[in-house]
Amino acid sequence: MTTRSTGELHQPMRAAGFAGIDNTEALAEGWQVTDFADAGRRSLANLVKRTGAPAVMVSFLDSDVGFIEALTPDGNSWEGLLNRETAKSYEIPLEHFPIEPAVAGALAWSAAAGLTPDEEAIRQTLTGSALFVEELSSALMIALGLPGAT
């Protein structure tokens, strides 16, 4: 989970329906990354409502596939998939995660969050593959323009 917050995130995340909340890493300009084990169906929306800040969440299937959800307080949202070739081998229906709407959504989300995205890098991340999907997740955060992301 990556969001902008000036305060501690564990309590708002628990209240929003996240479980197994672990380490939080501060990025720059108030952005934070927090690991979690599980999230409810509306956890992302609940967290954005509670914090009043944009958030992007990547849920991992082992270290093989990543499911992306992002939302801003004004309702700007998008979804995507990381490691498409591996997802295909898991028989995840790729047609549920079209690339062009995900790229457009990522660009709009990033702009609404006050960031400067890199469209080509977003596209490469959403179409690329890696042995560990966490590598693609990190590349996505950089491509979205999150300050201090590595």
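Which strand does threonine 34 lie in? Threonine 34 belongs to strand 4, which covers residues 31-34. Keep in mind that this is a predicted model. Below is a quick tour: two buried residues and their contacts, an aromatic pair, the pocket and the cavity, helix 5, and a couple of unusual backbone angles.

**Threonine 34**

- Threonine 34 has a relative accessible area of 0%, so it counts as buried.
- Its partner to look at is threonine 24: the two are 10 residues apart in sequence, yet their C-alpha atoms sit 4.2 Å apart in space.
- The side chains of threonine 34 and threonine 24 also meet directly, in a polar contact of 2.9 Å.
- Setting aside neighbours within four places in sequence, threonine 34 is in contact with Met1, Leu9, His10, Met13, Ile21, Asp22, Asn23 and Thr24.

**Asparagine 83**

- Asparagine 83 sits in the loop between strand 8 (77-82) and helix 3 (84-89).
- Loop or not, asparagine 83 is buried, because its relative accessibility is 1% and the cut-off for buried is under 20%.
- Its side chain reaches over to the backbone oxygen of aspartate 64, at 2.8 Å.
- Not counting residues up to four places away in sequence, asparagine 83 touches Asp64, Val65, Gly128, Ser129, Ala130, Val133 and Leu136.

**Positive phi angles**

- Most residues other than glycine have a negative phi, which makes the next two worth a glance.
- Asparagine 83 turns up again here: it is not a glycine, but its phi is positive, at about 70 degrees.
- Glutamate 29, also not a glycine, has a positive phi of about 55 degrees.
- You'll find glutamate 29 in the loop between strand 3 (24-26) and strand 4.
- Is glutamate 29 buried or exposed? With a relative accessible area of 65%, glutamate 29 is exposed.

**Aromatic pairs**

- The count of aromatic pairs comes to 3.
- One of them joins phenylalanine 18 and phenylalanine 36, with ring centres 5.0 Å apart and 75 degrees between the planes, an edge-to-face arrangement.
- Phenylalanine 18 is in strand 2 (residues 18-19) and phenylalanine 36 is in the loop between strand 4 and strand 5 (38-39), so this pair ties together parts that are 18 residues apart in sequence.
- Both phenylalanine 18 and phenylalanine 36 are buried.

**The largest pocket**

- The largest pocket holds about 530 Å³ of space.
- It is lined by 25 residues, and those closest to its centre are Met1, Val33, Asp35, Phe60 and Ser137.
- Strand 4, strand 5, strand 6 (55-61) and helix 6 (133-143) are the elements giving two or more residues to the lining of the largest pocket.
- Which element gives the most to that lining? Strand 6 does, with 5 residues.
- Sorted by class, the pocket lining has 11 nonpolar, 8 polar and 6 charged residues.

**The largest cavity**

- The structure has 1 cavity of 30 Å³ or more.
- About 30 Å³ of space lies in the largest cavity.
- Its lining is made up of Gly80, Leu81, Arg84, Phe97, Pro98, Ile99, Ala102 and Leu126.
- Strand 8 and helix 4 (99-112) each supply at least two residues of the cavity lining.
- By class, the cavity lining has 6 nonpolar, 1 polar and 1 charged residues.

**Helix 5**

- Helix 5 (residues 119-127) has these buried residues: Ala121, Ile122, Arg123, Thr125 and Leu126.
- Leu126 is also one of the residues that line the largest cavity.
- The cover over the buried residues of helix 5 includes strand 7 (65-71), strand 8, helix 3, helix 4 and helix 6.
- At the N-terminal end of helix 5, aspartate 118 acts as the cap, with a side-chain oxygen 3.2 Å from the backbone nitrogen of glutamate 120.

Definitions and conventions: Residues are numbered from 1 along each chain as its sequence is written. This is a predicted model: local features need pLDDT of at least 70, side-chain atom pairs count only at pLDDT 80 or more; totals for chains, interfaces and linings use all residues. Side-chain values use heavy atoms; hydrogens and water are left out. Helices (H or I, at least four residues) and strands (E, at least two) are DSSP runs, numbered from the N terminus. Buried means under 20% relative accessible area, exposed over 50%, partly exposed in between (1.4 Å probe, protein chains only). A polar contact is a pair of N or O atoms within 3.5 Å; within protein, one must be able to donate a hydrogen and the other to accept it, and residues adjacent in sequence count only if both atoms are side-chain atoms. Contact means heavy atoms within 4.5 Å. Rings of Phe, Tyr and Trp (its six-membered ring) pair if their centres lie within 6.5 Å; planes under 30 degrees apart count as stacked, over 60 as edge-to-face and the rest as tilted. On a 1 Å grid over the protein atoms alone, a cavity is a set of points where a 1.4 Å probe fits but cannot get out, and a pocket is an open set with protein on both sides within 12 Å along at least five of seven lines; lining residues have an atom within 4 Å of a point. Grid points are joined across faces, edges and corners, and a volume is the space filled by probe spheres set on the points. Ala, Val, Leu, Ile, Met, Phe, Trp, Tyr, Cys and Pro count as nonpolar, Asp, Glu, Lys and Arg as charged, and the others, Gly among them, as polar.
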